[in-house]
Amino acid sequence: MSFHQKPHTFVSQVALRVNNIVKSLRFYEEVLGFQVLTRSSTKAVLTADGTTPLVTLEQLSRPEPKQERKTGLYHFALLLPSRADLGEVIRHLVKTGYPLQGASDHLVSEAIYLADPDGNGIEIYRDRSNANWEWSDNEVKMATLPLDAQAVLAEAKNEKWAGLPSHTVMGHIHLHVADLEETKVFYEKLGFDVVSKFPNQALFMSTGRYHHHIGVNIWNGRGADAPSESSPGMKYFTIEFPDEKKRDIVVNRLKEIGAEVSKEEHAIFTKDPSQNQIKLVVQ
């Protein structure tokens with residue numbers, strides 16, 4: 001059973017503010033291998049399978065440099081179906097010459113890291129079988145070890161790059177926040193359980209015993225401010241609930257703790273304590 005479909009609650013999309021949509025599209029299509037689902041002069045919705053939106057790009061009307069040391073996106077993470085797929089992505093990126101920022105073995109997964117032209121962080125990863133994840137006292141064992149890139153590359157099958165595999169999904173999102181304890185309380189109200197932590201630095205949360213759907217850290221500083229809405233970065237990310245009832249329960253919990261909640265068509269929007277905006281939808 002996938003951790004990114006019913007009966008789980010999970011992160012499914014991210015919307016980004018960008019300075020130059022033409023430049024960004026070139027990166028997301030040619031370097032990452034997305035397809036364009038819909039496009040206007042100021043907005044583009046990107047997909048891997050031709051039907052499911054994963055990333056939305058929105059052109060800023062008054063572009064300004066990305067603000068550093070703020071809350072917001074650390075990275076969004078694209079989950080590939082297999083290790084061979086990760087090998088093919090690595091080989092393609094090596095051929096394009098686009099710079100990687102890192103590559104790690106996290107025990108539960110193998111991952112590479114890079115950033116888009118506006119500095120928005122991106123992880124591309126594959127999961128090891130969850131039968132091999134180690135759990136102790138409801139915490140999953142994760143680490144940051146060097147990736148055996150040669151072994152991953154050796155599994156790549158297709159010589160010709162054909163873009164992201166159609167079964168690519170939004171695996172998780174990792175955020176900069178201002179306060180870990182406040183953030184923990186908020187996401188627990190959304191239905192996520194803490195499954196791993198770096199004490200006083202980062203928390204990882206999920207539903208259904210996934211290694212994490214949401215990561216949060218205070219690496220940009222405890223008490224960091226939210227970025228300007230004129231700065232490139234994350235506009236919002238989407239959480240999908242299996243049904244209306246589960247979403248209603250969460251919305252009531254959010255109202256009880258005084259969280260900001262607003263409705264827009266079929267979606268409900270809220271903000272975490274660090275002003276990261278979240279779109280709550282039903283699958």
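Contact here means heavy atoms within 4.5 Å. Helices (H or I, at least four residues) and strands (E, at least two) are DSSP runs, numbered from the N terminus. Axes are lines fitted to C-alpha atoms, for helices over the stretch in contact, and angles run from 0 to 180 degrees between N-to-C directions.

The model is predicted: local features need pLDDT of at least 70, side-chain atom pairs count only at pLDDT 80 or more, and totals for chains, interfaces and linings use all residues. Residues are numbered from 1 along each chain as its sequence is written, and side-chain values use heavy atoms, with hydrogens and water left out.

**Sheet and helix 2**

Nine strands form an open sheet with mixed pairing, in the order 11-6-7-8-5-12-15-14-13. Its edges are strand 11 (145-146) and strand 13 (193-198); each has a single partner strand, so one side of each is left without a neighbour in the sheet. Two strands count as paired if DSSP finds at least two bridges between them. Strand 5 (residues 72-80) and strand 12 (residues 169-176) are antiparallel and pair over seven bridges. Within this pairing, Leu79 has Val169 of strand 12 as its bridge partner. Helix 2 (residues 83-96) lies across strand 5, strand 7 (109-115) and strand 8 (121-127), and runs at about 30° to strand 7.

**Surroundings of Thr47**

Thr47 belongs to strand 3 (residues 43-47). With a relative accessible area of 0%, Thr47 is buried (buried means under 20% relative accessible area, exposed over 50%, partly exposed in between, with a 1.4 Å probe and protein chains only). Not counting residues up to four places away in sequence, Thr47 touches Phe34, Gln35, Leu37 and Thr52. A polar contact is a pair of N or O atoms within 3.5 Å; within protein, one must be able to donate a hydrogen and the other to accept it, and residues adjacent in sequence count only if both atoms are side-chain atoms. The side chains of Thr47 and Asp49 are joined by such a contact of 3.0 Å, and the Thr47 side chain also reaches the backbone nitrogen of Thr51 at 3.4 Å.

**Backbone geometry**

The peptide bond from Lys6 to Pro7 is cis, with omega near 5°; Pro7 is found in the segment before strand 1 (10-18). Two residues that are not glycines have a positive phi, as tabulated.

| Residue | Phi | Loop | Relative accessible area |
|---|---|---|---|
| Leu107 | about 75° | between strand 6 (102-105) and strand 7 | 30%, partly exposed |
| Gln275 | about 70° | between strand 18 (267-271) and strand 19 (277-282) | 43%, partly exposed |
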